[in-house]
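Hi there,

I am passing a structure on to you, and my notes on it follow below. Have a look at it first, then read on whenever you have a moment.

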Amino acid sequence: MEKRWGKKWALICLFLFNWARNVSSLSVTVSDMECVYEYVLYEGDTISGNFVVVDHDIFWSSDHPGIDFTVTSPGGNTVHSLKGTSGDKIEFKAPRSGMYKFCFHNPYSTPETIAFYIHVGHIPTDHDLAKDEHLNPINVKIAELREALESVTAEQKYLKARDTRHRHKVNETKIQ
């Protein structure tokens, strides 16, 4: 019975993970440690975002240690780290492509809800952009299509004029 539930939970988690990848923000309840993952396609992409402990003002006393936040690169190195905070903004360049891990640690026993937003921005370089030599075959095909369309248009005009001439001759024959 437990194996069936394990498979069901795995499918539910997979569905939620795929759904969460498509949203720009989410809410995480942190009892101890919770991590969110984001795939970065290109080295040097800008990773930016923010997080806020939603119920900070309601439940936190002045002695609350705050939430710890750590971003780990695909190589396992800590890229960004904050200790004892109720929220902050982040922005840094990805040192490499791959799966980044964003972890929240709550040292307090009270579960905390955190609103979290992450964005990976990619600005193409000259290397990423199409060059003229890449576009030349496309331009040639466009010119060929333009000429073919012109040929079809000319044929239509010819057939229309011929049809008009035939109609004119038929009307002349009926009149005589």
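**The aromatic cluster**

Phe51, Phe69, Phe102, Phe104 and Phe116 come together as one aromatic cluster. Please keep in mind as you read that this is a predicted model.

The count of aromatic pairs is six. One of them joins Phe51 and Phe69, with 4.6 Å from centre to centre and 35° between the planes, so by the rule that planes from 30 to 60 degrees apart are neither stacked nor edge-to-face, this pair is tilted. The two rings come from distant parts of the chain: Phe51 belongs to strand β3 (residues 46-53) and Phe69 to strand β4 (residues 67-72), 18 residues apart. Both Phe51 and Phe69 are buried.

A second pair to look at is Phe104 with Phe116, which is edge-to-face: the centres are 5.2 Å apart and the planes make an angle of 85°. Here too the pair links distant parts of the chain, with Phe104 in strand β7 (residues 98-105) and Phe116 in strand β8 (residues 112-121), twelve residues apart. Are these two rings buried or exposed? Phe104 has a relative accessible area of 0%, and is therefore buried. Phe116 comes to 2% relative accessibility, so Phe116 counts as buried as well.

**The sheet**

Strands β4 and β7 also appear in an open sheet of four strands, ordered β2-β7-β4-β5, with antiparallel pairing. At the edges stand β2 (33-40) and β5 (78-85); each has a single partner strand, so one side of each is left without a neighbour in the sheet. On average, neighbouring strands of this sheet are turned by 10° against each other, direction ignored.

If you want a place to start in the viewer, try β2 and β7, which pair in the antiparallel sense over eight bridges. Val40 stands opposite Gly98 in β7.

**The protein as a whole**

Stepping back, the secondary structure comprises three helices and eight strands. Along the sequence they follow the pattern α-β-β-β-α-β-β-β-β-β-α. The protein has 176 residues, of which 21% count as buried. Its accessible surface is about 13,200 Å², and carbon and sulfur atoms account for 56% of that.

One more number for you: taking contacts between residues at least 6 apart in sequence, 76% join residues at least 24 apart.

Happy to hear what you make of it.

Best wishes

Terms used. Residues are numbered from 1 along each chain as its sequence is written. This is a predicted model: local features need pLDDT of at least 70, side-chain atom pairs count only at pLDDT 80 or more; totals for chains, interfaces and linings use all residues. Side-chain values use heavy atoms; hydrogens and water are left out. Rings of Phe, Tyr and Trp (its six-membered ring) pair if their centres lie within 6.5 Å; planes under 30 degrees apart count as stacked, over 60 as edge-to-face and the rest as tilted. Helices (H or I, at least four residues) and strands (E, at least two) are DSSP runs, numbered from the N terminus. Buried means under 20% relative accessible area, exposed over 50%, partly exposed in between (1.4 Å probe, protein chains only). Two strands pair if DSSP finds at least two bridges between them. Axes are lines fitted to C-alpha atoms, for helices over the stretch in contact, and angles run from 0 to 180 degrees between N-to-C directions. Contact means heavy atoms within 4.5 Å. Accessible areas come from the Shrake-Rupley method with a 1.4 Å probe; for residues, only the protein chains shown count as cover.
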